[in-house]
Amino acid sequence: MRPAIIEKTAAQLRVKPNWDDSPEARAAFSWQAEAEALAGQPGGALNLAYEAVDRHAQGRRRRHVALRILDRNGGHCSISYAQLSSLSNRFANVLQGLGVGAGARLFVLCERGLELYLGVLGGLKNGCVVSPLFCAFGPEPLETRLRLGEGSILLTSETLYRRKIAAIRERLPALEHVLLYDENGASSTPPEGTLSLHKLLATAAEDFSIAPTTADSPALLHFTSGTTGTPKGALHVHGAVLTHYVSGKYALDLHPNDIYWCSADPGWVTGTSYGIIAPLLLGVTSVVDSGEFDAERWYSILEKEKISVWYTAPTAIRMLMKAGPELAHRHNFAHLRFIASVGEPLNPEAVWWGQEVLGRPIHDNWWQTETGGIMIANTLAMPIKPGSMGKPLPGVEAAIVSRGEDGSLQLLADEQVGELALKRPWPALFRTYLGQEERYRRCFVGDWYLSGDLARRDADGYYWFVGRDDDVIKSAGHLIGPFEVESALLEHPAVAEAAVIGIPDALLGERVKAFVALKSGFVASQALHDELLGHARKRLGATVAPKALAFLPSLPHTRSGKLMRRLLKARELGLPEGDTSTLESPS
Ligand code: ATP
Ligand code: MG
């Protein structure tokens, strides 16, 4: 049996953690003191992009590499903080030259590459509200988001434009300007109604006076993943920069000489908060990989780029686990000192896989599009309890609560399951759901923001994810979190991935059913089916273990890598599938 806690020795930590998790450090924390690290703007103004880039470009880190961009064919280019500052200034000047003013909505539909960074940072400098989109979206989800967000400018590639936007363009009357970059160099004839980004950048000035945004000015519009229903547009402000800074420092433990890799897609909030902003705020070098997931490619990046801090997601880890340990063993991960994961519960099996195959355990952390940044985390200094999301970061007050019929809130004791709530405000708390003010208001009761996730806290203050409100199964009077059942199935050597749902049952209320995708080398059979049900019963007991199990070649995910249990349920029950705009690929 593996131990329930992964303790760490000072030698294993290699650097002094930024956060030591002591009661003294917690008591001493103040947002105000942390804000001292930021430069601010004259007259109390504040701009995310200035803090992320120009602050360093005007200081000692001006020549430090901000971005190391890897192309699909093995090439790379390095961009210093000074270069990123002047290039994003140029982009801001392009916007200004087009008459784009503060508050205008700029949508960025870009692969991982320099244009993505220029679009987001230059847009923020110009005071635009920037909204990144998934490149893999089809025309319909793009149209929905551009319409809801009233996008007036779009930055994208020529290929993506021709494939996805051209056909819907006339249904987007608010879209005034489309800026295109050509992956193969400046195109001689951009499509009608579009402008060539590179031509405009070539003549734009390198100096720019940053828009006088304040901590309350809208900055980013992020759509939620659509795991539980139609995606919501969460609006964030420039003041969120302080959460990004503090969480980059304490949850990701970024130190000045780190080489950092965030493998999240740019269309997902993680791709912005921790793919663009937080690493720049901490002045580190970010590796930006333009390629798609490929186990060998990823292991090579970790090794050859000497990645020291890696922020990834359970779905990616499960894909690497599926590829088998032999591939990993051909590589050397000597530089890797900290691995973190977000987006879904991280099964204990995956935490241990990190320890055993990569030489570092994986540190789970929890947050949402709405929270704007990491709220609960296993930090470097803390012992890990595999399966737990960790403890609230400094400056974050969490609680497990239950909502009464009359709308009142009761704070629950340790070990009780309830809704995970966070005390407001904190700098990156979202400011509204676009077009759904009432729904936004319903997220709050008094001082508390209610997350919609169920969890419990143990006596050591660690939080344990139980399930989303909608996914929790009620069977024979028991509350069953799918995560617990899925984690048990994942311990079986044949299982690559598992998803568990509740099916209406006259006797039990709901009956637990599991869907399983197998690792390569294993074949579905009646014997394996029975073996897996037996394994789960042994691990979980008859009440909690699945009563039924089906094999699938793969499980449905959102583009941000989350299991779409609601889709499995709808398919199982023959119900409408609902909004599938974020479904990764038909499965
Ligand atoms: P939607 O709100 O549209 O249904 P979504 O909630 O998946 O989609 P995101 O904001 O991208 O959209 O995801 C946040 C959610 O992801 C959290 O509320 C939680 O359910 C889940 N999540 C994130 N990190 C973790 C984690 N470490 N452990 C468990 N669940 C997590
Ligand atoms: Mg959500």
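Which backbone oxygen lies 2.7 Å from a polar atom of the side chain of S451? In this predicted model, the backbone oxygen belongs to L420. The surroundings of S451 are described below, after the chain as a whole.

The chain contains 19 helices and 28 strands. Its radius of gyration is 23 Å, and the globule rule gives 25 Å for 587 residues. The two values are close, so the chain is as compact as a globular protein of that length. Along the principal axes, the C-alpha atoms fill a box of roughly 70 × 60 × 55 Å.

Of the 587 residues, 61% are buried. Contacts often span long stretches of sequence. Among those between residues at least 6 apart, 70% join residues at least 24 apart. The exposed area of the chain is about 23000 Å². Carbon and sulfur atoms supply 51% of this area. Charged side chains number 60 positive and 65 negative. The centres of the two sets are 2 Å apart.

S451 is part of strand 22, which covers residues 448–457. Its relative accessibility is 10%. Buried means under 20%, so S451 counts as buried. Beyond its neighbours within four places in sequence, S451 is in contact with W366, Q368, E419 and L420. L420 also supplies the backbone oxygen that lies 2.7 Å from a polar atom of the S451 side chain.

Key:
Residues are numbered from 1 along each chain as its sequence is written. Chains are lettered from A and ligands numbered from 1 in the order in which they are written. This is a predicted model: local features need pLDDT of at least 70, side-chain atom pairs count only at pLDDT 80 or more; totals for chains, interfaces and linings use all residues. Side-chain values use heavy atoms; hydrogens and water are left out. Helices (H or I, at least four residues) and strands (E, at least two) are DSSP runs, numbered from the N terminus. The radius of gyration is taken over C-alpha atoms; the globule rule is 2.2 Å times the number of residues to the power 0.38. Buried means under 20% relative accessible area, exposed over 50%, partly exposed in between (1.4 Å probe, protein chains only). Contact means heavy atoms within 4.5 Å. Accessible areas come from the Shrake-Rupley method with a 1.4 Å probe; for residues, only the protein chains shown count as cover. Lys and Arg count as positive and Asp and Glu as negative; His and the chain ends are not counted. The place of a charge is taken as NZ of Lys, CZ of Arg, CG of Asp or CD of Glu. A polar contact is a pair of N or O atoms within 3.5 Å; within protein, one must be able to donate a hydrogen and the other to accept it, and residues adjacent in sequence count only if both atoms are side-chain atoms.
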